[in-house]
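This report walks through a single protein chain, taking its charged pairs, its helices and its overall form in turn. Please keep the sequence and the structure in view while reading.

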Amino acid sequence: MARYFTREAIVDESKLIESIDKRSHVLLKKADLNSLFKKIADARIVMLGEASHGTHEFYTWRSYISRRLIEEKDFNFIAVEGDWPDCYRINRYIKNYKEAGETSKEVLQEFKRWPTWMWANWEIMELMDWLKQYNSTVPLNKKIGFYGLDVYSLWESMQAIINYLDRVDKKALKIAKEAFECFEPYQKDEGRSYARASQFVPEICQGEVLNLLKEIQQRLPRYDGDYENVFSIEQNALISVNAEKYYRAMVEGGPHSWNVRDSHMADTLERLLDFHGADSKVIVWEHNTHIGDARATDMADDGMYNIGELARMKHNDKGVFLVGFGTYSGSVIAGKSWGAPMKRLNIPAARKGSWEYFLNQAGKEDKLLIMDDFMTDVFMENHIGHRAIGVVYNPEYERFGNYVPTILPMRYDAFIFLNETKALHPLHVIPDGHLIPETYPFGM
């Protein structure tokens with residue numbers, strides 16, 4: 001009998017594999033997810049994870065689930081781990097606003113900040129085309145939205161503010177330009193130089209962005225016309241404040257900067273739910289490390305929390321359903337370092353003793369796990385390594401990292417295991433530099 005030591009316990013391999021084999025649902029076709037939709041029931045928030053930011057099947061299965069939730073359960077919008085300005089352009093395009101872009105490809109080609117492939121890919125393009133068609137058949141107040149939750153877009157958000165105020169409010173425009181000029185020297189390296197400078201001069205530009213936010217919030221009632229653009233301008237001001245806070249937190253390292261980011265994403269989600277009304281329902285797309293409840297991982301030992309945990313704590317009465325995704329082996333789009341060229345990299349077989357290893361040992365077919373079926377001692381008492389691949393990935397070093405000790409049934413409400421996966425299809429170029437063909441290379 002093989003046994004593996006984890007963070008807190010010894011796992012009986014044969015018992016764990018036997019239980020997975022007995023309790024999981026084989027996933028061969030789309031209809032095999034019917035039990036998942038039944039379990040989601042009337043949840044207000046459904047979060048769909050991913051074990052990487054570059055896997056084709058994670059995007060296409062999440063797209064299929066999202067479409068059914070929109071059609072069958074009246075979900076109102078999708079919110080993703082992406083920048084607000086870029087995703088807001090998608091939102092305008094799929095809602096058929098004037099001058100929002102001629103094609104989905106044109107809109108996605110404006111995603112120019114690394115990692116471009118994360119949202120500028122053919123999988124998202126296909127979803128956009130579906131959403132645009134769906135929205136063309138419903139009234140304005142029923143159109144499905146698409147929004148970014150992240151905090152990284154400081155300069156893009158400030159530029160969006162300047163562009164908007166230049167049209168509607170010259171007085172506030174002066175304050176926005178002053179804030180932008182404060183940050184401008186630190187733009188080239190995505191805020192890392194700002195973080196270093198704040199070690200010597202704390203809160204360099206904090207006053208400028210707080211003043212800008214205050215000014216915009218005071219003058220919002222004067223901005224009439226497009227109600228969603230008014231919401232967007234305030235959101236960009238909030239991003240400016242929280243991004244400045246995030247870059248200062250980078251100096252400290254550790255959990256603080258993580259918590260600043262996930263708090264911002266959770267707050268943005270709250271704003272979007274309020275904006276869409278008391279009965280609104282949202283689908284969230286983020287990495288497993290964000291949507292999987294951090295309390296079921298060793299992240300909690302370091303004082304880290306995430307948007308999945310925060311949503312469960314605040315909206316438990318209205319229903320929060322967390323769906324994780326994982327893979328045993330295959331390929332992925334990622335970079336070898338931050339800002340490096342994207343590459344199609346091989347994902348090696350999962351590390352022995354990990355959740356992905358045990359799921360593979362229980363059978364090579366794809367699987368759906370409904371976690372209510374796995375509340376047994378063998379699953380609940382052990383933190384077992386759970387694979388996590390980021391935009392920076394070095395497969396040769398995977399055995400030294402990339403696994404988060406996890407109690408799987410506590411981290412998610414359901415888990416979709418895809419035994420072998422392949423890399424997604426970047427829109428701009430594929431790793432060898434050739435343009436992608438002008439046709440969809442896949443379908444769901």
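## Salt bridge between R271 and E234

In this predicted model, R271 has a relative accessible area of 19%, and because the cut-off for a buried residue is under 20%, R271 counts as buried. R271 forms a salt bridge with E234, and the closest N and O atoms of the two are 3.4 Å apart. The bridge links distant parts of the chain, since R271 belongs to helix α12 (residues 255-276) while E234 belongs to helix α11, and the two are 37 residues apart. E234 also counts as buried, its relative accessibility being 15%.

## Other charged pairs

How many salt bridges does the count come to? The count comes to 25 salt bridges, and the pairs described here are among them. One of them joins E50 and R62, with 3.0 Å between the closest N and O atoms. E50 sits in the loop between β4 (45-48) and α3 (56-73), whereas R62 sits in helix α3, so this pair ties together parts that are 12 residues apart in sequence. Both E50 and R62 are buried.

Another salt bridge is formed by E398 and R387, whose closest N and O atoms are 2.6 Å apart. E398 is in the loop between β11 (384-387) and β12 (403-406), and R387 is in strand β11, so that the pair, 11 residues apart, links distant parts of the chain. Here too both partners, E398 and R387, are buried. Beyond these pairs, D293, R295, R312 and D413 are linked in a network of salt bridges.

## Helix α10 and its two sides

Helix α10 (residues 206-219) has 14 residues, which at 1.5 Å a residue should span 20 Å, and the C-alpha atoms at its ends are indeed 20 Å apart, in agreement with that expectation. Which residues of α10 are buried? They are V209, L212, L213, E215, I216 and R219. These residues cover an arc of only 165° around the axis, which puts them on the same side of α10. An α-helix has 3.6 residues a turn, so residues three or four places apart point the same way.

On the other side of α10, K214 and Q218 are exposed. The buried residues of α10, for their part, pack against three helices, namely α7 (154-168), α8 (170-183) and α11 (227-252).

## V230 in helix α11

V230 lies in helix α11, and with a relative accessibility of 12% V230 counts as buried. Its C-alpha is 9.8 Å from that of I216, with the two positions 14 residues apart in sequence numbering. I216 is itself one of the buried residues of α10. When neighbours within four places in sequence are left aside, V230 is in contact with Y164, L220 and Y223.

## Helix α6, a mostly covered helix

Helix α6 (residues 122-135) has 14 residues and reaches 20 Å from its first C-alpha to its last, which is close to the 20 Å expected at 1.5 Å a residue. Is α6 mostly covered or mostly uncovered? It is mostly covered, with 10 of its 14 residues buried. The buried residues of α6 are W122, E123, I124, M125, E126, L127, M128, W130, L131 and N135. What covers them includes the helices α3, α4 (84-94) and α5 (104-108), together with the strands β5 (77-80), β6 (145-148) and β7 (282-285).

## P426 after the last-named strand

P426 lies in the segment after β13 (414-421), and at 1% relative accessibility P426 counts as buried. The C-alpha atoms of P426 and A388 are separated by 20 Å, the two residues being 38 residues apart along the chain.

## The chain as a whole

The secondary structure of the chain comes to 17 helices and 13 strands. The radius of gyration is 22 Å, close to the 22 Å that the globule rule gives for 444 residues, so the chain is as compact as a globular protein of that length. Along its principal axes the C-alpha trace spans about 75 × 55 × 50 Å.

Of the 444 residues, 61% count as buried. Among contacts between residues at least 6 apart in sequence, 78% join residues at least 24 apart. The accessible surface of the chain comes to about 18500 Å², and 50% of this surface belongs to carbon and sulfur atoms.

Terms used:
Residues are numbered from 1 along each chain as its sequence is written. This is a predicted model: local features need pLDDT of at least 70, side-chain atom pairs count only at pLDDT 80 or more; totals for chains, interfaces and linings use all residues. Side-chain values use heavy atoms; hydrogens and water are left out. Helices (H or I, at least four residues) and strands (E, at least two) are DSSP runs, numbered from the N terminus. The expected span of a helix is 1.5 Å times one less than its number of residues. Buried means under 20% relative accessible area, exposed over 50%, partly exposed in between (1.4 Å probe, protein chains only). The arc is that of the directions from the helix axis to the C-beta atoms. Contact means heavy atoms within 4.5 Å. A salt bridge is a side-chain nitrogen of Lys or Arg within 4 Å of a carboxyl oxygen of Asp or Glu. The radius of gyration is taken over C-alpha atoms; the globule rule is 2.2 Å times the number of residues to the power 0.38. Accessible areas come from the Shrake-Rupley method with a 1.4 Å probe; for residues, only the protein chains shown count as cover.
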